Each structure stands twice: as C-alpha cells, then as structure tokens.
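Q: Please take a close look at one part of this protein: the second largest pocket. Which elements supply its lining, and how do they fit into their surroundings?

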Amino acid sequence: MASSPFIDAIVSESSDTRNQSLASLCEGLTVSELLEHCAELDAFRREGKSLYHRVRALFFLYAIHRFELPPLLSGTPAGQIPFTGYELLLNRRFEEAIDDFLNAQDSQGPGDAISSSLSSAYHSLAFQTLADQVRSSVRSVKGNRWMFRMGHPADHPLTFHQDLLDTSESGTYPILRETTPVRMDLTHSAWSDIFFLGMDYPEGAKVINVSVDLGVHGRDDTTSPPVEAYLRVIDQPVIRLTSVDLNTTADVTSLGDVFDFAKDYLGLLKAAIIASGVVPPGIEGSGQTLESLLTRLVGKGRGIELVSSVNDITKGSRLAVSTNLLAALIAACMRATSQTSTLTGEL
C-alpha cells in the first residue's frame, strides 16, 4: 500500500514534509479520496504509540470533516445523525461515538450531518487524550498520589495554617493574598509545550516569553501584578468562590458541585481547589459531605472563601491570563495548607 501523505506529514523527520498545511494536502482530492485518507488516519491514531502522533492525527481528522469535506458535499443530502452516537457524544464517550458515526457514514453515505458529528467527536477526543496524559503525568509523581487515593475526610493530611485560623480582635480572619504578572509571548508553538506534546516532539515545543507587570499609561505611577487571588477562612461551612472581574459569586455546599465545572463561570477557581488538594480528586463520588471535609481542614462550622481578580485586562489579550490566574489561586491554596515552605514571600 502506498504511503499516505497525511501520515507522512505527521511522522516524517523532514521539516518540509511535516510542516505542510492540511489544506495543501487536501487540495484537488475528491470526497471518496478524502474519506479513504480519513480511514487511514483513523486506523493510524488508534494504533499509534506516540502521543504527538495520535493527537495530530485526531486534529487532522477534525479539520477534514469540519473544513475540507463540507464544500465538496454541497448538493448532497445532509443525512441523519444517529441518536445513539449523539447520546455517546453528550456523555463524553468519544471513541464509541466515533464508531457509531463511522458506521452511519458507511450505511448512508457521507453527508454534512455525519461530518459535523465526526468533527466534534474527533476534536473532543483530541483534548481528552491530552487531558488523560496530563492526568497520568500528575498521578505518576509520588507526592501527588495521596490526592487520588483519599476517599474520606478523616484521611485528609492537610489542614489550614494556624495563622489563618486565628481571628483578630474584631473577629475577622486574616486574608492571604497572592499576585502574579502575566505572560507576553515572543514566540510560541500553539501551546504544544503546555499540552505535553513536547514529550514526544521537544523541538516542536520551543517557546520564548517574558513575564510582565502592567500599568495604565497616564494613570498609574508604576506597574504592578495584574492578577490577584485572595483566600480566607469564613464562619460558614461552605466554599465561597468569587470572581471580581466576572462579577460572579457562589456558595458551594456539596462535593458534587466542586467538580461541576460547567455549572457556573467559576470553573477556574474550582480547578484550583482540586489541583491544590484542598478538595482531593479521590474524594469525588465518595458519598462524603463537603461540611465534614471543611471541618477537617479549618474546623467545625467554618469554610473557605477564594476570590480572583484580573485588573484592566480585556478578554482575548493573549497574555496567558487564565494560566497565571490559576497559578495564583493554586499557590494561595497551597500556602494556606502549608504545602509551601512559607506563608508569605517568594515560593
């Protein structure tokens, strides 16, 4: 069988071959030829050992079904999306959804509806594959393993620093503040460094960036870190999450809601609570209560308030705001639970 130019573009050691655009590879191909290449790519990504190869094949498949096939399918029946595949897609069972959509494509022929479904499934599976790799990397570190094994509040090894539990004369608790600069990319490689593609293809993960404080010209005398996180103990057995810049706040009262990232706009704060081990991943689905976990962490009848603030930065700034905000939130949580050497100062 002749070598596939699409697979060559993924595995070749030649930069000229590897750096071809997908559009140039698809140029002049018919629907049947594109589908044949898709079948080869799908088989390749299922059998591949390299994370980089599998993820790139998945994104090729996504882009072909999203951008390259639809113009060629103009005038043909849109087709029908199988309900079982749709249910699997909603339940994040992407591998099974892809199999169902491919079977439908074989039986009813190619169409916009099936290509749309396949593009969505391939795109989601690519990021799920990356997430699985990140999860595997995190779990493999010896110091992190307890977070995934802990299923009861009594087993929690963390408690809040005593300085944060002592109230002042006015009855208020101390506030822990963490600040970070933002990141200015001078060059980047489509975030392949963040997504661990560098493990298999390090030369493709070269990034040059600088950290910068910000100020408004004509208003501020000096620059300052624009990303802030605040943490304190409160006299309610809840986790209170607030985003100042999004003008959103919520009291989390159950463990299930901590792990429900889609419920509100506070998913980044929930991720920090989990990633720092304040609410360990292993306790999800354990049947335990958030109140009992908080009792272990900060004492009976108490809770935690975590606040984020991004100052004077518009959405889409490309300054890695969310990444640095997550770092500030995690750092505050880890300081509070004595996972860092000092409660204040440099990490």
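A: A helix here is a DSSP run of H or I with at least four residues, a strand is a run of E with at least two, and both are numbered from the N terminus. The model is predicted.

Start with the space itself. The second largest pocket holds about 650 Å³. Its lining counts 24 residues. Nearest the centre lie K315, G316, A320, V321 and S322. By type, the lining has twelve nonpolar, seven polar and five charged residues.

Now the elements. Two strands, β2 (182-187) and β7 (303-310), each give at least two residues to this lining. The helices α12 and α14 do so as well. Which of them gives the most? It is α14, with four residues.

Follow β7 outward. It belongs to an open sheet of five strands, in the order β1-β4-β7-β5-β6. The pairing in that sheet is mixed. β1 (176-180) and β6 (248-252) are the edge strands, each with a single partner, so one side of each has no neighbour in the sheet. From one strand to the next, the twist averages 10 degrees. At the β1 edge, β1 pairs with β4 (227-234) in the antiparallel sense, over five bridges. Within that pairing, T180 has V227 of β4 as its bridge partner.

α12 ties the pocket to this sheet. The helix packs on the sheet and touches β5 (239-243), β6 and β7. Its direction makes about 135 degrees with that of β5. So much for the sheet side.

Two of the lining helices also serve another space. α12 (267-275) and α14 (321-336) each supply at least two residues to the lining of the largest pocket. That pocket has a volume of about 1500 Å³. It is lined by 32 residues, and those closest to its centre are V134, R135, F261, A271 and A275. Two further helices, α8 (112-140) and α9 (145-149), each supply at least two residues there. α8 gives the most, with eight. The lining of the largest pocket divides into 18 nonpolar, nine polar and five charged residues.

To recap the part you asked about: the second largest pocket draws on β2, α12, β7 and α14. α14 is its main contributor. α12 lines the pocket and also packs on the sheet.

Note on methods: Residues numbered from 1 in each chain as written. Predicted model: local features only at pLDDT ≥ 70, side-chain atom pairs only at ≥ 80, totals over all residues. Heavy atoms only, no water. 1 Å grid on protein atoms, 1.4 Å probe; cavity = no way out; pocket = protein on both sides within 12 Å on 5 of 7 lines; lining within 4 Å. Points joined across faces, edges and corners; volume = space filled by probe spheres on them. Nonpolar A, V, L, I, M, F, W, Y, C, P; charged D, E, K, R; others polar. Pairing = 2+ DSSP bridges. Axes fitted to C-alpha atoms, helices over the stretch in contact; angles between N-to-C directions. Contact = heavy atoms within 4.5 Å.
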